[in-house]
Amino acid sequence: SKLMRMIMSRAKSDPKTIVFAEADHLNVLKAAQIIFDEKIGIPILLGNKETILHLMEEINFDADVQIIDPKSDEEEEMRNQFAQIYWEKSQRDGISLLVAQKWMRERNYFAAMMVNEGVADSLVTGYSRSYPTVVKPMLELIGRQRGVRRIAATNIMLTNRGPIFFSDTAINVNPTAIELAGITSMTSIAMKMFGFEPN
């Protein structure tokens with residue numbers, strides 16, 4: 001597919017760091033391995049270190065990649081640093097420092113903070129958790145682009161007629177006409193990012 005070749009080419013020309021928030025799941029780890037082997041990104045694996053190393057051995061993923069367990073004592077300094085930033089940003093919303101420290105032990109919050117603070121460029125999550133559980137930390141920590149009132153999910157389906165972009169497939173249950181217009185506008189931006197001119 002022309003689209004996939006273009007995406008691969010762009011990714012290889014400037015590989016980004018990608019946090020895999022559920023790297024202790026075999027399929028997620030296999031995806032990270034493909035990213036690494038194809039040289040289209042630099043994976044950072046989040047989860048139980050022992051489990052991840054065992055699974056890496058099982059699939060012959062022999063690579064020097066960063067593995068982080070947000071719950072471990074080794075990551076206490078980074079976890080506390082992230083908690084402090086989160087607390088300072090959210091204390092007006094009733095978040096205490098203790099709650100912020102608790103949330104930073106959760107992989108999706110930790111991964112979102114890594115992106116938010118420039119430690120990583122992007123993240124992959126949602127393999128084993130429900131959509132609302134995954135989206136909440138992203139909204140709280142990464143936030144929305146200026147001027148965006150509602151977020152939406154976009155899927156790309158590759159068909160014989162070419163790629164088709166679908167929005168919103170996962171977040172807004174019953175959007176109003178105004179919200180649909182906003183989602184359409186955001187989808188056109190996503191399409192242009194992939195090199196397509198929307199109809």
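**Close-up views of a predicted model**

**View 1. Salt bridge between Glu74 and Lys49.** The side chains of Glu74 and Lys49 form a salt bridge, with an N to O distance of 4.0 Å. Glu74 belongs to the loop between β3 (66-68) and α4 (76-90), while Lys49 belongs to helix α3 (residues 49-58), so the contact ties together parts that are 25 residues apart in sequence. Glu74 counts as exposed because its relative accessibility is 62%. Lys49, with a relative accessible area of 37%, is partly exposed. The model is predicted, and the structure holds 5 salt bridges. Two others are shown in the next views.

**View 2. Salt bridge between Lys136 and Glu140 within helix α7.** Lys136 and Glu140 are joined by a salt bridge whose closest N and O atoms are 3.2 Å apart. Both residues lie in helix α7 (residues 131-142), where a spacing of 4 residues corresponds to about one turn of the helix. Lys136 is partly exposed, its relative accessible area being 43%. Glu140 is also partly exposed, with a relative accessible area of 27%.

**View 3. Salt bridge between Arg150 and Glu179.** In this pair, the closest N and O atoms of Arg150 and Glu179 are 2.7 Å apart. The salt bridge links distant parts of the chain: Arg150 sits in the loop between α7 and β5 (154-159), Glu179 sits in helix α8 (residues 177-193), and the two are 29 residues apart. Arg150 is partly exposed at a relative accessible area of 39%. Glu179 is partly exposed as well, with a relative accessible area of 23%. As general background, side chains of opposite charge can pair when their charged atoms come close.

**View 4. The largest nonpolar core.** This core has 21 residues, and the members touching the most other members are Val19, Ile44, Leu46, Tyr86, Met104, Met114 and Leu141. At least two residues of the core come from each of β2 (41-46), α4, α6 (107-116) and α7. The largest share, 7 residues, is supplied by α6. In soluble globular proteins, nonpolar side chains tend to be buried together.

**View 5. Aromatic cluster of Tyr86, Trp103 and Tyr109.** Ring pairs connect Tyr86, Trp103 and Tyr109 into a cluster. The count for the structure comes to 6 aromatic pairs. Tyr86 also appears in the preceding view, among the residues of the largest nonpolar core that touch the most other members. Lys102 lies over the face of Trp103, at 4.8 Å from the ring centre.

**View 6. Nonpolar surface patch of Met4, Ile156 and Leu158.** Met4, Ile156 and Leu158 make a nonpolar patch of about 230 Å² on the surface. Met4 is placed in helix α1 (residues 2-13). With a relative accessibility of 38%, Met4 counts as partly exposed.

**View 7. Cis peptide bond from Ser167 to Asp168.** The peptide bond that runs from Ser167 to Asp168 is cis, and its omega is near -10 degrees. Asp168 lies in the loop between β6 (162-167) and α8. Most residues other than glycine have a negative phi, and most peptide bonds are trans.

**View 8. Positive phi at Lys39 and Asn60.** Lys39 has a phi near 60 degrees, which is a positive value in a residue other than glycine. Lys39 is found in the loop between α2 (26-37) and β2. At 59% relative accessibility, Lys39 counts as exposed. Asn60, likewise a residue other than glycine, has a positive phi near 55 degrees. Asn60 is found in the loop between α3 and β3. Its relative accessibility of 67% means that Asn60 counts as exposed.

**View 9. Val124 in strand β4.** Val124 is part of strand β4 (residues 122-124). At a relative accessibility of 38%, Val124 counts as partly exposed. Val124 and Ser72 are separated by 52 residues in sequence and by 21 Å in space, C-alpha to C-alpha.

Note on methods. Residues numbered from 1 in each chain as written. Predicted model: local features only at pLDDT ≥ 70, side-chain atom pairs only at ≥ 80, totals over all residues. Heavy atoms only, no water. Patch = residues over 30% accessible without salt bridge, like charges linked within 9 Å, V, L, I, M, F, W, Y side chains within 5 Å. Areas by Shrake-Rupley, 256 points an atom, 1.4 Å probe, with all protein chains shown as cover. Buried < 20%, exposed > 50% of the residue type's maximum accessible area, 1.4 Å probe, protein only. Phe/Tyr/Trp six-rings, centres within 6.5 Å; stacked < 30°, edge-to-face > 60°. Lys NZ or Arg CZ within 6 Å of the ring centre and 35° of its normal. Core = buried A, V, L, I, M, F, W, Y, C linked by side-chain atoms within 4.5 Å.
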